[in-house]
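Trainee: I should be grateful for a close look at a single part of this structure, taken residue by residue. Please then set that part beside whatever else deserves attention.

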Amino acid sequence: MNVLTSITVLGFLIFFHEMGHFLAAILQGIYVDGFSIGFGPSIIQKRFKNITYSLRAFPLGGFVSFPDEEVNNIDPKDPNLLKNRPVFQRVIVISAGVFANLILAYTILIVNVTTIGIPFDPDPGILVLATQPEKAASLAGLQAGDKILKIETSTLGVGDQAVSTLVKEIQNSSDNPISITIDRNGVLKDLTLVPKNIDGKGTIGAQLQPNIKKETKKTKNIFELFKYTNNEFSTLLVKTIQGYKGLITNFSSTAQQLSGPVKIVEIGAQLSQQGGTGILLFAALISINLAVLNSLPLPLLDGGQLVFTLIEGFRGKPVPVRVQMVVTQSSFFLLVGLSILLIIRDTSQLLIVQKLLTQ
């Protein structure tokens with residue numbers, strides 16, 4: 001059931017993205033002849049007012065299609081063809097999907113804050129959410145639920161600053177022991193971490209966050225509501241952008257953090273176990289990720305189409321079709337190849353698959 005919920009959320013986010021393109025075109029009077037969720041063969045297809053709506057076999061994306069004047073017997077100079085519209089109108093259509101996902105993510109965060117509330121100010125220390133088997137944190141005896149209060153002889157502060165202080169110390173101490181003091185169910189314990197050296201930086205294999213209470217409180221007024229939502233939205237957006245930037249600038253160390261469709265569904269299923277809050281958080285995170293991903297300047301993505309359109313605006317004429325085809329085909333093989341690798345890797349990491357492989 002949780003997996004089905006995760007897939008449903010993904011489908012809704014893709015639908016919302018494509019609806020952004022669709023409405024941006026329709027509201028400007030631009031011809032549209034297709035609206036599809038998914039790729040591959042159609043499962044459900046319905047034509048209404050010269051537009052074919054379809055649900056396809058592989059729900060890993062979607063598209064809005066525009067008519068070919070030769071096939072549809074349309075005058076090539078018809079002003080309502082997308083290619084004949086001014087550059088700024090085409091930019092609106094191309095960018096609408098990204099803005100739709102960002103608006104949706106912001107709206108979801110508002111709903112989440114309104115219904116669930118906002119967390120109390122963090123307590124001192126850092127909360128350990130999870131540890132990876134056979135990594136430095138696990139080997140040192142660190143457990144999920146522990147609160148790290150001190151590192152060496154220094155007391156950690158509160159919030160993100162405390163996490164940042166600890167992470168920097170870990171990164172600068174690869175293969176060197178670090179003494180920490182933790183609070184485990186009210187009992188203080190001293191542990192020794194030995195961060196493992198990966199690409200010149202120390203890592204311990206633990207998921208850390210500020211020491212925040214599970215309880216939440218209602219916002220006092222609308223100003224506090226939007227202040228908190230703005231902060232959450234900007235934080236998620238900046239971290240997502242930084243993640244993609246790190247993938248480009250330091251691929252070797254960030255490649256293992258990439259998640260394909262299988263892993264995304266698995267994470268969504270885990271978050272949905274937490275109820276409405278987990279589902280809303282998953283939807284906001286993925287919606288922001290879809291927006292940032294589609295902004296990348298790859299021809300098969302919105303960002304690539306935007307680049308071609310802006311170049312046309314500067315040149316005063318379209319980029320040669322042959323150039324577009326070469327770049328697009330290269331991008332297609334890159335994205336498909338990466339997707340296949342991610343699916344294979346993520347599937348092999350599923351618990352049920354690992355059990356089958358060990359039998």
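Mentor: Ile 43 has a relative accessible area of 58%, and because exposed means over 50%, this residue counts as exposed. The model is a predicted one. Ile 43 sits in strand β1, which covers residues 34-48. Together with Ile 44 and Leu 55, Ile 43 makes a nonpolar surface patch of about 290 Å².

Helix α4 allows an examination of both buried and exposed positions. This helix comprises residues 159-171, 13 residues in total. From the first C-alpha to the last, α4 reaches 19 Å, close to the 18 Å expected at 1.5 Å a residue. Its buried residues are Gly 159, Ala 162, Val 163, Leu 166 and Ile 170. Viewed down the axis of α4, these buried residues fall within an arc of 95 degrees, and they therefore line one face of the helix. The general principle is that an α-helix has 3.6 residues a turn, so residues three or four places apart point the same way.

What, then, covers the buried residues of α4? The cover includes strands β4 (123-131), β5 (147-151) and β7 (178-184), together with β10 (201-203) and β11 (206-211). On the face turned away from the buried side, α4 carries the exposed residues Asp 160, Gln 161 and Lys 168.

Two of the covering strands, β5 and β7, also come up in an account of the salt bridges. As a general matter, side chains of opposite charge can pair when their charged atoms come close. A search of the whole structure finds two salt bridges. In one of them, the side chains of Asp 146 and Arg 184 meet at 2.8 Å, N to O. Asp 146 lies in the loop between α3 (136-139) and β5, whereas Arg 184 belongs to strand β7, so the pair ties together parts that are 38 residues apart in sequence. Because buried means under 20% relative accessible area, Asp 146 counts as buried at 2%. Arg 184, at 17%, counts as buried as well.

The other salt bridge joins Arg 90 to Glu 312, with the closest N and O atoms 3.0 Å apart. This pair links distant parts of the chain: Arg 90 is in helix α2 (residues 87-116) and Glu 312 in helix α9 (residues 302-315), 222 residues apart. Both Arg 90 and Glu 312 are buried.

Technical notes:
Residues numbered from 1 in each chain as written. Predicted model: local features only at pLDDT ≥ 70, side-chain atom pairs only at ≥ 80, totals over all residues. Heavy atoms only, no water. Helix = DSSP H or I, 4+ residues; strand = E, 2+ residues; numbered from the N terminus. Expected span 1.5 Å × (residues − 1). Buried < 20%, exposed > 50% of the residue type's maximum accessible area, 1.4 Å probe, protein only. Arc of directions from axis to C-beta. Contact = heavy atoms within 4.5 Å. Salt bridge = Lys/Arg side-chain N within 4 Å of Asp/Glu carboxyl O. Patch = residues over 30% accessible without salt bridge, like charges linked within 9 Å, V, L, I, M, F, W, Y side chains within 5 Å. Areas by Shrake-Rupley, 256 points an atom, 1.4 Å probe, with all protein chains shown as cover.
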